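Here are my notes on the model you sent, set out as numbered points. Please read them with the structure open beside you.

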Amino acid sequence: MKREIKSLGRSVMRPVVTAFYIMSAVLIAAYIVLYQYTPLEAVLNDVLLNSIISLSALAAALISTFIFLQYQPEDNPRRVWQNIMIAGWLWFLGELLWQIYAYFNDSVVPVPSLADASWVGGFVFYTFAFYHQYMLIVPSQKDTIRTYAIGAWLVAMLIPAAYLTITDSFSLAYFIEFYYPFADLAVGLAGLLLVFIFHGGALMRPWIGLMVFGLSDLLYAWAEKTQMYSVSAENGNLISLVIDTTYLAAYLILGVGFLGHWVLLRYGLRPNRK
């Protein structure tokens with residue numbers, strides 16, 4: 001653990017990490033300026049805003065791919081990162097499809113859409129990733145791990161269904177929007193639990209980003225249901241800005257966590273082998 005912390009400290013000083021931090025700061029600053037002040041023609045302004053989100057998702061997908069390529073076929077974590085990589089590319093595809101829908105439909109995106117299929121598919125592969133990760137830790141508990149994975153999916157679906165039913169506002173669109181935050185939190189908690197299993201290991205930092213996704217998606221679902229999101233976006237107040245900037249930050253935090261993992265594998269730690 002001490003060796004990992006020292007390696008992490010050195011990794012922050014590496015040019016690729018510094019460059020990613022600078023890029024993240026520039027993207028967030030540009031996003032806030034474009035979002036709050038709309039300095040460009042409206043259509044172009046929206047294209048740039050959505051492109052910043054897509055670029056951030058692409059960065060996380062690319063870094064997860066680099067991590068996957070660090071492992072050889074005989075390395076234990078290869079299957080874990082193969083699933084994380086697929087999930088990352090599905091989420092990037094979801095953002096890209098959402099951006100295309102928004103461009104051709106005057107920012108009106110249907111729910112559900114192919115973008116939702118890509119995002120949900122990403123959750124499926126994140127589930128596979130954690131299933132294989134926990135199987136590496138406690139292979140004798142295969143049935144228990146599978147039960148918890150299925151249970152997490154059921155909880156993520158039942159909570160929004162129950163809430164919308166109780167409030168007499170159930171619709172497929174609202175259900176999907178409220179499903180995302182609970183799915184984000186389930187995946188994030190599964191990752192953060194590994195922090196305790198590995199005694200706070202720095203390699204588990206990416207999952208903080210998924211928790212931020214959960215917060216952002218929950219705020220969005222609430223604001224959309226109460227119609228506060230559209231009102232906020234039209235009037236330029238802080239509610240929609242905070243929600244959407246938090247969403248962008250979640251991708252960048254995920255990317256930072258993945259990048260730290262890659263640097264430790266590339267320069268500081270050797271992957272475990274069978």
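1. I begin with helix 4 and helix 5, which are roughly antiparallel to each other; the model is a predicted one, and everything below should be read in that light. The angle at which helix 4 and helix 5 pack is about 165°, and their axes lie 8 Å apart; since angles over 145 degrees count as roughly antiparallel, the description follows from that value. The crossing of helix 4 and helix 5 is left-handed, and the residues of their contact divide into 19 nonpolar, 7 polar and 2 charged.

2. The loop between helix 4 and helix 5 deserves a careful look at the backbone, and two of its residues can be named here. Aspartate 106 lies in this loop, and its phi is near 55°, a positive value in a residue other than glycine. Proline 112 is found in the loop between helix 4 and helix 5 as well, and the peptide bond that joins valine 111 to proline 112 is cis, with omega at about 5°.

3. At the N-terminal end of helix 5, serine 113 acts as a cap, with a side-chain oxygen placed 3.2 Å from the backbone nitrogen of alanine 115. Helix 5 itself covers residues 114–137, and its 24 residues, at 1.5 Å a residue, should span 34 Å; the C-alpha atoms at its ends are 35 Å apart, which agrees with that expectation.

4. Helix 4 (residues 78–104) also packs against helix 3, and the axes of these two come within 8 Å and cross at roughly 170°. Helix 3 and helix 4 are therefore roughly antiparallel to each other. By class, the contact of helix 3 with helix 4 has 18 nonpolar, 8 polar and 2 charged residues.

5. Helix 3 (residues 42–70) in turn packs with helix 2 (residues 15–37), at an angle of about 155° and with the axes 9 Å apart, so that helix 2 and helix 3 are roughly antiparallel to each other. As for handedness, helix 2 and helix 3 make a left-handed crossing.

6. Which residues of helix 2 and helix 3 meet? From helix 2 come Phe20, Leu27, Ala30, Tyr31, Leu34 and Tyr35, and they meet Asn45, Leu48, Leu49, Ile52, Ile53, Leu55, Ser56, Ala59 and Ile63 of helix 3. Sorted by class, the contact of helix 2 with helix 3 has 13 nonpolar and 2 polar residues, and no charged ones.

Key
Residues numbered from 1 in each chain as written. Predicted model: local features only at pLDDT ≥ 70, side-chain atom pairs only at ≥ 80, totals over all residues. Heavy atoms only, no water. Axes fitted to C-alpha atoms, helices over the stretch in contact; angles between N-to-C directions. Helix = DSSP H or I, 4+ residues; strand = E, 2+ residues; numbered from the N terminus. Parallel < 35°, antiparallel > 145°, perpendicular 65-115°, else oblique. Left-handed = near helix turned anticlockwise from the far one by under 90°. Contact = heavy atoms within 4.5 Å. Nonpolar A, V, L, I, M, F, W, Y, C, P; charged D, E, K, R; others polar. Expected span 1.5 Å × (residues − 1). Polar contact = N/O pair within 3.5 Å; in protein donor to acceptor, adjacent residues only side chain to side chain.
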